[in-house]
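Colleague: I have just opened this structure and would like to learn how to read it. Could you walk me through it, one small question at a time?

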Amino acid sequence: MSKSISALISKLDELISVLSTIDKELSNLQAKLYDEMRKIDGLSEKEILDAIDIIATKHDMLRVFFNLPNELKKRYILRMIGHDS
């Protein structure tokens, strides 16, 4: 039984480590988000802030944004906030 508990503790430690790494990655991306959006020509402060309100809390969208080529980021943001024509 003590071997089972030790194995479980080891697995929990691994899980905590993975979750900690993911949390650090997301925090790093969130910290870079405003500066990255400011690099995009033609976005107003309101559009940037509206997008940040959405993307900073939707982790999949945050990762997608940072992996898009620069030429698609503006369209992605405008579509996200409902300003895509």
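Modeller: Gladly! One definition to begin with: a residue counts as buried when its relative accessible area is under 20%, and as exposed when that area is over 50%. Please keep in mind that this is a predicted model.

Colleague: Thanks! With that cut-off, is M37 buried or exposed?

Modeller: M37 is found in helix α1. Its relative accessibility is 0%. Since the cut-off for burial is under 20%, M37 counts as buried.

Colleague: Which residues is M37 in contact with, leaving aside its neighbours within four places in sequence?

Modeller: Let's start with one partner, I52, which is 15 residues from M37 in sequence and 8.8 Å away in space, C-alpha to C-alpha. Contact here is judged on heavy atoms within 4.5 Å. With close sequence neighbours left aside, the contacts of M37 are L43, I48, A51, I52, I55, F65 and I77.

Colleague: Is E36 buried or exposed?

Modeller: E36 also has its place in helix α1. Not counting residues up to four places away in sequence, E36 touches F65, F66, N70 and K73. Its relative accessible area is 15%, so E36 is buried.

Colleague: What about G42, is it buried or exposed?

Modeller: G42 is found in the loop between α1 and α2. Leaving aside neighbours within four places in sequence, its contacts are E47 and K74. Because its relative accessible area is 60%, G42 is exposed.

Colleague: Where do the buried residues of α2 lie around the axis?

Modeller: Helix α2 covers residues 45–55, and its buried residues are E47, I48, A51, I52 and I55. Around the axis they span an arc of only 135°, which puts them on the same side of α2. K46 and D53 are exposed on the other side. As background, an α-helix has 3.6 residues a turn, so residues three or four places apart point the same way.

Colleague: Now α3: within what arc do its buried residues fall?

Modeller: The buried residues in α3 are L62, F65 and F66. They line one face of the helix, because seen down the axis they fall within an arc of 90°. On the other side of α3, the exposed residues are D60 and N67.

Colleague: At what angle do α2 and α4 pack?

Modeller: Helix α4 is residues 70–80, and its axis is 9 Å from that of α2 where the two pack, at an angle of about 75°. That makes α2 roughly perpendicular to α4. So the value to remember is about 75°, which counts as roughly perpendicular.

Colleague: How many nonpolar residues does the contact of α2 with α4 have?

Modeller: From α2 come E47, A51, I54 and I55, and they meet Y76, I77, L78 and M80 in α4. Sorted by class, this contact has no polar residues, one charged residue and seven nonpolar ones.

Colleague: Which residues touch the most other members of the largest nonpolar core?

Modeller: That core has 20 residues. Each of α1, α2, α3 and α4 supplies at least two of its residues. One core member, L62, is in contact with L26, L29, Q30, L33 and I55, leaving aside neighbours within four places in sequence. The residues touching the most other members are L33, M37, I55, L62, F65 and I77.

Key: Residues are numbered from 1 along each chain as its sequence is written. This is a predicted model: local features need pLDDT of at least 70, side-chain atom pairs count only at pLDDT 80 or more; totals for chains, interfaces and linings use all residues. Side-chain values use heavy atoms; hydrogens and water are left out. Buried means under 20% relative accessible area, exposed over 50%, partly exposed in between (1.4 Å probe, protein chains only). Helices (H or I, at least four residues) and strands (E, at least two) are DSSP runs, numbered from the N terminus. The arc is that of the directions from the helix axis to the C-beta atoms. Axes are lines fitted to C-alpha atoms, for helices over the stretch in contact, and angles run from 0 to 180 degrees between N-to-C directions. Angles under 35 degrees count as roughly parallel, over 145 as roughly antiparallel, 65 to 115 as roughly perpendicular and the rest as oblique. Ala, Val, Leu, Ile, Met, Phe, Trp, Tyr, Cys and Pro count as nonpolar, Asp, Glu, Lys and Arg as charged, and the others, Gly among them, as polar. A nonpolar core is a set of buried Ala, Val, Leu, Ile, Met, Phe, Trp, Tyr and Cys residues joined through side-chain atoms within 4.5 Å.
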